Amino acid sequence: MTKKLPVNLEMTISQAIEDVISTHHRYLQDELPKLQDLLDEVVLTYSLDDENLKIYSQMFEVYRETLCEHAIKEEKDLFPLCIELEENGTIPSVCRGSLVDPMDVMEGEHEAFDLLYQKMQEYLERFSTEVKEDEVLGEFIKRFALLQEDMLIHKMKEENIIFPKVTILESALASPAVFPAY
Ligand SMILES: [Fe+2]
Ligand SMILES: [Fe+2]
């Protein structure tokens, strides 16, 4: 059964963006450092002599840093242009006059996060079969799984609501209705 998308489809672009930032970006900002602390504790316990843990921990750092950068790019670059488009009907002069390319880049990054996460899981599974019943590792795995669930909803809101609404609005502004000449 697919998860119900907890969002009001009637939201404006600005409202949907505000929802994504306040619900999902702030959550990432709070949760990623906590996950890093838990993983650091696991590394302290088992040391980086374990090859699977070493690779996993390097990959987690890349995941955490690039995800933070991704959210900052959306908040500082893309989202303000989407809001401007909706509020002022201004098609941005940057990005060759369209937000399609930067939105495609963001979607590509979403896909890259999924692939990286799947790859990371392989190393984590290999490592976690070596250690049994570790409370900190268990807490890390549980919290990271919750973060992944949130990422699914987060991505759906951007890819299925915000980006399509921006594309529709851009097209409407680019080809205004033609009125008959009198
Ligand atoms: Fe986002
Ligand atoms: Fe995103």
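Two residues are in contact here if their C-beta atoms, placed from the backbone, lie within 7 Å. The model is a predicted one. With that cut-off, the buried residues of helix 3 can be placed: they pack against helix 2 and against helix 4, which covers residues 135–174.

Helix 3 spans residues 100–130. Its 31 residues reach 46 Å from the first C-alpha to the last, close to the 45 Å expected at 1.5 Å a residue. Which residues of helix 3 are buried? They are Pro102, Met103, Met106, Tyr123, Leu124 and Phe127. A residue counts as buried if 20 or more other C-beta atoms lie within 10 Å of its own. Glu107 also lies in helix 3, but Glu107 is partly exposed, because 14 other C-beta atoms lie within 10 Å. Between Glu107 and Glu125, which are 18 residues apart along the chain, the C-alpha separation is 27 Å.

One partner of helix 3 is helix 2. The axes of these two helices come within 9 Å and cross at roughly 160 degrees. An angle over 145 degrees counts as roughly antiparallel, and helix 2 is therefore roughly antiparallel to helix 3. Their crossing is left-handed. On the side of helix 2, the contact includes Asn52, Leu53, Ile55, Tyr56, Met59, Phe60 and Tyr63, and also Leu67, His70, Glu74 and Leu78. Helix 3 contributes, among others, Pro102, Met106, Glu109, Phe113, Leu116 and Tyr117, as well as Met120, Tyr123, Leu124 and Phe127. Pro102, Met106, Tyr123, Leu124 and Phe127 are thus found among the buried residues of helix 3 and also in its contact with helix 2. By class, this contact has 17 nonpolar, two polar and four charged residues. The spacing of such residues along a helix has a general background: an α-helix has 3.6 residues a turn, so residues three or four places apart point the same way.

Helix 2 also meets helix 1. Helix 1 takes in residues 13–46 and helix 2 residues 51–88; their axes come within 10 Å and cross at roughly 165 degrees. These two helices are therefore roughly antiparallel to each other, and their crossing is left-handed. The contact between helix 1 and helix 2 comprises 16 nonpolar, four polar and four charged residues.

Helix 1 packs against helix 4 as well, at an angle of about 160 degrees and with the axes 10 Å apart. That makes helix 1 roughly antiparallel to helix 4. The crossing of helix 1 and helix 4 is left-handed. In this contact there are 17 nonpolar, two polar and 10 charged residues.

Two single residues add some detail to helix 1 and helix 2. Is Ile21, in helix 1, buried or partly exposed? Ile21 is partly exposed, because 15 other C-beta atoms lie within 10 Å. Leaving aside neighbours within four places in sequence, Ile21 is in contact with Arg26 and Glu75. From Ile21 to Lys142, 121 residues apart in sequence, the C-alpha distance is 23 Å.

Pro80 belongs to helix 2. With 13 other C-beta atoms within 10 Å, Pro80 is partly exposed. Pro80 and Glu122 are 42 residues apart in sequence, and their C-alpha atoms are 38 Å apart in space.

Technical notes:
Residues numbered from 1 in each chain as written. Chains lettered and ligands numbered in written order. Predicted model: local features only at pLDDT ≥ 70, side-chain atom pairs only at ≥ 80, totals over all residues. Axes fitted to C-alpha atoms, helices over the stretch in contact; angles between N-to-C directions. Helix = DSSP H or I, 4+ residues; strand = E, 2+ residues; numbered from the N terminus. Parallel < 35°, antiparallel > 145°, perpendicular 65-115°, else oblique. Left-handed = near helix turned anticlockwise from the far one by under 90°. Nonpolar A, V, L, I, M, F, W, Y, C, P; charged D, E, K, R; others polar. Expected span 1.5 Å × (residues − 1). Buried ≥ 20, exposed ≤ 12 C-beta atoms within 10 Å, placed from the backbone.
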